[in-house]
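Trainee: Could you walk me through one part of this model in detail, and then show me what sits around the rest of the chain?

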Amino acid sequence: LPKHMAELGPKMSGTLSAVMVDEGDRVRKGQALFRLNTQSIQLNISSADAALAGAKIARDNAQRELERQKVLAEKGTISAVVLERAESSFTAANNGVNQAEVGLSMARRGNTDSAVYSPIDGIVAKKLKSVGETVTMMPPTTVLLIQDHSTIELRTRIPESTLKHVKEGDI
């Protein structure tokens, strides 16, 4: 048995756009092994970026309206309720910016999750999926099996009477 073994699948569902290794290839820890198609991820990033821009415009408009209402409130020409509404609108718009920033951050994270790297030094023991195939995070799809063969654990059955004659290095 190999010392370490890693069954690798995607961190998100999608279509394989590249598998950079074949069975039997030696891989190093941190080496890129496969990647998912990022076209939909790029669209998500663009959409989230646009949502953030819209949220900032709404916040800036709410801030200007709040400033106008504060001036009018100081002159006594509006009621406290109108000022409270303007404050509430600004708070909601500011929260909208925060939510849009989180959405953009999550969309960008998807871009980094599209690539999978080897967690160990080893050999590609099995390549189970190819470019163009759909893979899923749930249920997990195994794309590659990496095994570390630097140390092999051998298990065998030896009669107890023979065991006293066996020593390390025997063939």
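How many residues does helix α2 have, and how far does α2 reach from its first C-alpha to its last?

Mentor: Quick housekeeping before the helix. This is a predicted model, in which local features need pLDDT of at least 70 and side-chain atom pairs count only at pLDDT 80 or more, while totals for chains, interfaces and linings use all residues. Residues are numbered from 1 along each chain as its sequence is written, and side-chain values use heavy atoms, with hydrogens and water left out.

Now to your helix. Helix α2 covers residues 80-112, which makes 33 residues, and it reaches 49 Å from its first C-alpha to its last. That is close to the 48 Å expected at 1.5 Å a residue, where the expected span is 1.5 Å times one less than the number of residues. As for naming, helices (H or I, at least four residues) and strands (E, at least two) are DSSP runs numbered from the N terminus.

Look at what α2 hides. Its buried residues are L83, A86, A93, V97, A100, L104, A107 and G110; buried means under 20% relative accessible area, exposed over 50%, and partly exposed in between, with a 1.4 Å probe and protein chains only. What covers them includes α1.

Stay with α1 for a moment, which spans residues 39-75. R68 pairs with E65 in a salt bridge, their closest N and O atoms being 2.8 Å apart; the term stands for a side-chain nitrogen of Lys or Arg within 4 Å of a carboxyl oxygen of Asp or Glu. R68 and E65 are three residues apart in α1, so about one helical turn separates them. An α-helix has 3.6 residues a turn, so residues three or four places apart point the same way. R68 is partly exposed at 47% relative accessible area, and E65 is partly exposed at 30%. R59 has a salt bridge too, with D60, at 3.3 Å between the closest N and O atoms, and D60 counts as partly exposed at 30%.

The structure holds five salt bridges. Another one of them links E133 and K129, whose closest N and O atoms are 3.7 Å apart. E133 is partly exposed at 31%, and K129 is partly exposed at 23%.

Now pick A100 on your helix and head for Q147: they are 47 residues apart in sequence, yet 42 Å apart in space, C-alpha to C-alpha. Q147 belongs to strand β8, residues 144-152, and is buried at 15%. Its side chain makes a polar contact with the side chain of H149 at 3.0 Å. (For that, a pair of N or O atoms must be within 3.5 Å; within protein, one must be able to donate a hydrogen and the other to accept it, and residues adjacent in sequence count only if both atoms are side-chain atoms.) Leaving aside neighbours within four places in sequence, Q147 is in contact (heavy atoms within 4.5 Å) with P2, H4, M5, I120, D121, G122, I123 and A125.

D148 is in strand β8 as well and is buried at 12%. The D148 side chain makes a polar contact with the side chain of S150 at 2.7 Å. Leaving out neighbours within four places, D148 is in contact with P2, K3, H4, I120, D121 and G122.

I123 turns up again if you look at G24. G24 sits in the loop between β2 (14-19) and β3 (26-27) and is exposed at 51%. Not counting residues up to four places away, G24 touches I123 and V124. From G24 to E153 it's 129 residues in sequence and 20 Å in space, C-alpha to C-alpha.

Last stop: V166, in the segment after α3 (160-163). V166 is partly exposed at 41%.
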